[in-house]
Amino acid sequence: MSNSNTSFTARPGGVLSGTLRVPGDKSISHRSIMLGALAEGVTEVEGFLEGEDSLATLRAFRDMGVRIEGPDGGRVRIHGVGMHGLRAPAAALDLGNSGTSMRLMSGLLAGQGLDVTLVGDASLSKRPMKRVTAPLAEMGARIDTADNGTAPLRIHPVDGLRPIDYAMPVASAQVKSCLLLAGMYADGTTCVAEPAPTRDHTERMLQGFGYPVRRDGARACIDGGGTLRACAIDVPADISSAAFFLVGASIAEGSDLLLEHVGINPTRDGVINILRLMGADIEIRNRREVGGEPVADLRVRSAPLKGIRIPEDQVPLAIDEFPVLFVAAACADGETVLTGAEELRVKESDRIQVMADGLQAVGVDARPTPDGIVIQGGPIGGGRVDSHGDHRIAMAFTMAGLRASAPIHIDDCANVNTSFPRFVDLAAGVGCAVESNDG
Ligand code: S3P
């Protein structure tokens, strides 16, 4: 469980080499439990992420009466209860740090006639939930939030949902997925239009479970009243976890690292595109399709990076990778400018401010703007950085150690376990001089 006293020390230097398979994709792991639970039959999952976030989803469905075996070495067996087989849980469902669990489950549960309360930790309890509860209310759902539109969310039983044709104001896969899952319980066709492409794992997995989703330009549409058929799911390694090593090996001179079985879904590959624009040497090998998702091995060798203006169309495709991309920018020659990324302010922390503070603490010229940041490449010193309990901030600064002139002490790192269990061991195994200190 979380220990807010966990800190990391990233010592200077290190070369990354060898072969690494990072843990399973978090987004796909959550969705495998949710759809497996509602399916007819037994869904077998391999490569499931045994991190706190996806385990929170797993426990929540157990609490609603679903028999789930595992996880055991990434294997999970979900005994589906069918579209209407969930039972109201005895107590509130605690979703910890996981925004994906809360936003997707609010849609999945909105039309089920159950009385369910969803709660989260301090970070999750500050994140905006109106973006899902407002369109769900238009569908006829009854969900109470705290006064400022945040968790806890109390879902009241209703008699069914109306379909909606919704144009999302923000490019959010969580909002899109929430409404498509709610749409399975609506009386008619629900459509969601996105202002820019966002990750499409929900649509792909629904198809895999035999539930059709239609694409019509920027709109995804689903008919209510269908059923899901259990299937086998092979979860690829998470590109968001691989991203730390794509950057680490790029910035640590002499590195040559192979990342195996990484999901390279085109709605998630912004980190590769952005790093390549900066001059990174990333080779995509052995492209294949695994269970409806594109997968490849990524070979990355160190290369001199240059500062760039990050194309705004890449922002939703790299939304979780910016903390470590800012470290790449700090190691690049020249200035990197990010705009159009205000969403970063409402992630597990305010990732623009927290990264700017941390980079400044180790001597980097990083200036936050309302919707992005401006970073001048230059030397990285040592110092003390506060991750604010944000897993991706902690892991990003671990990579900064590879180019630092003195140790970087990173505080409040326990939440690395939400997405990347055994991060410190795996990072040390390929050449990072990092250690974890449990205070
Ligand atoms: C996720 C979508 C993204 C991402 C999050 C996981 C998902 O959030 O940041 O880590 O699994 O759908 P938004 O869609 O809100 O940008």
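A salt bridge is taken here as a side-chain nitrogen of Lys or Arg lying within 4 Å of a carboxyl oxygen of Asp or Glu. The side chains of R345 and D350 fulfil this criterion, with 2.9 Å from N to O. The structure in which they occur is a predicted model. Neither partner is fully covered: R345 has a relative accessible area of 26%, and D350 stands at 24%. Because a residue is called buried under 20% and exposed over 50%, with partly exposed in between, R345 counts as partly exposed, and D350 is likewise partly exposed.

Salt bridges that share partners also form a network, in which R127, R199, D320, E348, R351 and D390 are joined. Across the whole structure, a search finds 32 salt bridges.

One of these pairs is D25 with R268, whose closest N and O atoms are 2.9 Å apart. This pair links distant parts of the chain, the two residues being 243 residues apart. D25 is found in the loop between strand 2 (17-20) and helix 1 (26-38), whereas R268 is found in the loop between strand 15 (256-263) and helix 8 (270-277). Both D25 and R268 are buried.

A further pair consists of R199 and D320, and here the closest N and O atoms are 3.2 Å apart. R199 lies in the loop between strand 11 (189-193) and helix 6 (201-208), and D320 lies in the loop between strand 17 (293-301) and helix 9 (322-330), so this salt bridge ties together parts that are 121 residues apart in sequence. The relative accessibility of R199 is 11%, and R199 therefore counts as buried. D320 has a relative accessibility of 14% and so counts as buried too. R199 and D320 are both members of the network described above, together with R127, E348, R351 and D390.

The account now turns to strand 1 and its neighbours. F8 has its place in strand 1, which spans residues 6-10. With a relative accessible area of 3%, F8 is buried. The C-alpha atoms of F8 and D94 are 27 Å apart in space, and the two residues are 86 residues apart in sequence.

The covering of F8 is shared by the strand around it: 5 of the 5 residues of strand 1 are buried. Both faces of the strand are covered, with T6, F8 and A10 on one side and S7 and T9 on the other. Which strands, then, are joined to strand 1 by bridges? Strand 23 (residues 434-438) runs antiparallel to strand 1 and is joined to it by 5 bridges. Within this pairing, A10 has V434 as its bridge partner. Strand 22 (residues 408-411) also runs antiparallel to strand 1, and 3 bridges join the two. There, the bridge partner of T9 is H409.

S7, which also belongs to strand 1, counts as buried because its relative accessibility is 13%. Leaving aside residues up to four places away in sequence, S7 touches I410, D411, C413, E435, S436 and N437. Among these contacts, I410 and D411 fall in strand 22, residues 408-411, while E435, S436 and N437 fall in strand 23, residues 434-438.

Definitions and conventions:
Residues are numbered from 1 along each chain as its sequence is written. This is a predicted model: local features need pLDDT of at least 70, side-chain atom pairs count only at pLDDT 80 or more; totals for chains, interfaces and linings use all residues. Side-chain values use heavy atoms; hydrogens and water are left out. Helices (H or I, at least four residues) and strands (E, at least two) are DSSP runs, numbered from the N terminus. Buried means under 20% relative accessible area, exposed over 50%, partly exposed in between (1.4 Å probe, protein chains only). Two strands pair if DSSP finds at least two bridges between them. Contact means heavy atoms within 4.5 Å.
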